[in-house]
Amino acid sequence: PAILSSERIGTPRLKFMLAALASLDTDLRQMGRALLVRHGEPLLALRDVVKQTGAQALFFNADYTPYARMRDDAIRDALGIAVESHHDRLLAVPGEIERDKGQPFVVYSPFKRRWRERIQPAPLADYALDASHFFPLDNLRNDGVPLLTDLGHADTIDVPAASEHEAQRVLQHFVDQRLHVYKQERDRIGNAQDEPPTRTSFLSPYIRFGMLSPRQIMQTAWISQEPESKDEQRSVDHFVDEMIWHEFYTHILWYFPHVTTRNFNSKYDSVPWRDAPDDLQAWKDGLTGYPIVDAAMRQLTGSGWMHNRARMIVASFLTKDLLIDWREGEKFFMQWLIDGDLAANNGGWQWAAGTGTDAQPYFRIFNPILQSKKFDPDGSFIRHWLPQLRDVPDRYIHEPWTMPQPPADYPPPIVDHAQAREAALAAYGETD
């Protein structure tokens, strides 16, 4: 119920999750077992299972969001059996990476240095599972994995395959084909012809739902083919750095749970955000008149995913060009992203808005035209997601409004970037 009633959960992530659960159930059934699915409040559902099975202990992997911590503490205190949690989503858990006086890091670079000092490569353990590892459920009520439509959601969007097998395939493809050029290519916004559709790793959806653990990804990257040059080694290091960002933001959420609804840096509580519902809707619909922004938003609502560079561009546009509260964009992303992760999403949005920990300075404002020319130089990404611009010549693809006859079915810019930049600088400057 907590998932289905949340305004921050949308169809794409729910569909991806259900597909992952169905795949897990299939894997278990091949061993003569099944996945037990119950619908209800966690504590009540678990009590029922404990009573029916005679279970003496509960084991689970920890989550770090404020809601999950409250839920798990309640279960630990009230279930009446031994409860043991383990850390799997992080290599360095909260409390392990701290400043010398036991205080949390609030800047990424020193956190990263301490993380690299503490976390070292280690071989992955071999394991094998068979039916003897699992309890037979033949006599227990099993609600089964529901269909998306059973939960009141129309099946109107395609999402990537969700299974441990697919996660392993994507990981191996990345290690074999892209890891050693990651630093050079990661910011290039790919198109649908790429497989997966990005020059990045595309591992985040599988991390989000536990089909891959960060430990497995890190170890695979660290012990992959020996880098043959300094550039290749820098790419491996850069990829590890990006994984550390996720750990950093999770630590921030753990120590500063107020970031879920408020600015990390209270200095920016007085930023005069605009109440502009029409502009917000144009941003959501991919109708701002800036092709790179609109193509990225269409990718989000058309696939449930968005390239990381594109996420920064559209977040900067919403908060700086339109001067709309970052919380509006953060919620919309969580509704659509299959990899929607509270810590990473919140950290990224506050970084872009300049209100968070280790955020980009408020006066650093992305120019959407220059970003488009740099990271989608041939316009292939734009043309894929904005079919009305497919016939626009290359020299106009990033600024179609400058054509002698702009496309009639594509809107002009809803804001002048230069003017919007000055307005944003003035609004943020009032907080100094």
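**Helix packing and buried positions in the predicted model**

T220 lies in helix α8. In this predicted model, its relative accessibility is 15%, so T220 counts as buried, the cut-off being under 20%. Leaving out residues up to four places away in sequence, T220 touches L124, L171 and V175.

The helix that carries T220 also packs against α9. The axes of α8 (residues 214-222) and α9 come within 10 Å of each other, and they cross at roughly 165°. That angle is over 145 degrees, so α8 runs roughly antiparallel to α9. As for handedness, the α8/α9 crossing is left-handed. On the α8 side, the contact is built from P214, I217, M218, A221 and W222, and on the α9 side from V236, F239, V240, M243, I244 and E247. Sorted by type, the residues of this contact come out as 10 nonpolar, no polar and one charged.

Helix α9 has a second partner to look at, helix α14 (residues 342-353). Here the axes are 8 Å apart and the packing angle is about 95°. With 65 to 115 degrees as the relevant range, α9 is therefore roughly perpendicular to α14. From α9, the residues involved are H246, Y249, T250 and L253; they meet L342, A343, A344, G347, G348 and W351 of α14. This contact of α9 with α14 divides into six nonpolar residues, four polar and no charged.

What holds the centre of the contact network in the nonpolar interior? The largest nonpolar core has 96 residues, and the members that touch the most other members are W115, F239, W283 and V293. Helix α9 (residues 230-255) gives the most to this core, nine residues in total. One of the four well-connected members, F239, also belongs to the contact of α9 with α8. Setting aside neighbours within four places in sequence, F239 is in contact with F174, L179, Y182, S201, L203, I217 and A221. Two of these partners, I217 and A221, appear on the α8 side of the helix contact as well. Apart from this core lies another one, of seven residues, with V50, I75, L79 and V83 among them.

I75, a member of that other core, is found in helix α3 (residues 66-78). Its relative accessible area is 7%, so I75 is buried. Beyond its neighbours up to four places away in sequence, I75 touches P42, L43, L46, L58 and V83; V83 is itself listed in the seven-residue core. I75 and L44 sit 31 residues apart along the chain, with 9.2 Å between their C-alpha atoms.

Turning to backbone geometry, most residues other than glycine have a negative phi. Two loop residues go the other way. Phi of F202 is near 60°, a positive value in a residue other than glycine. F202 has its place in the loop between α6 (182-185) and α7 (204-208). With a relative accessibility of 6%, F202 counts as buried. L323 also has a positive phi, near 55°, and again this is a residue other than glycine. The loop in question for L323 is the one between α12 (308-321) and α13 (326-336). L323 is buried too, at a relative accessible area of 9%.

The surroundings of L323 bring in several parts of the chain. Not counting residues up to four places away in sequence, L323 touches P272, W273, R274, L318, A424, A427 and Y428. L323 and A276 are 47 residues apart in sequence, while in space their C-alpha atoms are 8.9 Å apart.

A424, one of the contacts of L323, is found in helix α17 (residues 417-429). At 1% relative accessibility, A424 counts as buried. Seen from A424, the contacts beyond four places in sequence are K320, L323 and I365. A424 and S6 are 418 residues apart in sequence, and 32 Å separates them in space, C-alpha to C-alpha.

Notes
Residues numbered from 1 in each chain as written. Predicted model: local features only at pLDDT ≥ 70, side-chain atom pairs only at ≥ 80, totals over all residues. Heavy atoms only, no water. Core = buried A, V, L, I, M, F, W, Y, C linked by side-chain atoms within 4.5 Å. Buried < 20%, exposed > 50% of the residue type's maximum accessible area, 1.4 Å probe, protein only. Helix = DSSP H or I, 4+ residues; strand = E, 2+ residues; numbered from the N terminus. Contact = heavy atoms within 4.5 Å. Axes fitted to C-alpha atoms, helices over the stretch in contact; angles between N-to-C directions. Parallel < 35°, antiparallel > 145°, perpendicular 65-115°, else oblique. Left-handed = near helix turned anticlockwise from the far one by under 90°. Nonpolar A, V, L, I, M, F, W, Y, C, P; charged D, E, K, R; others polar.
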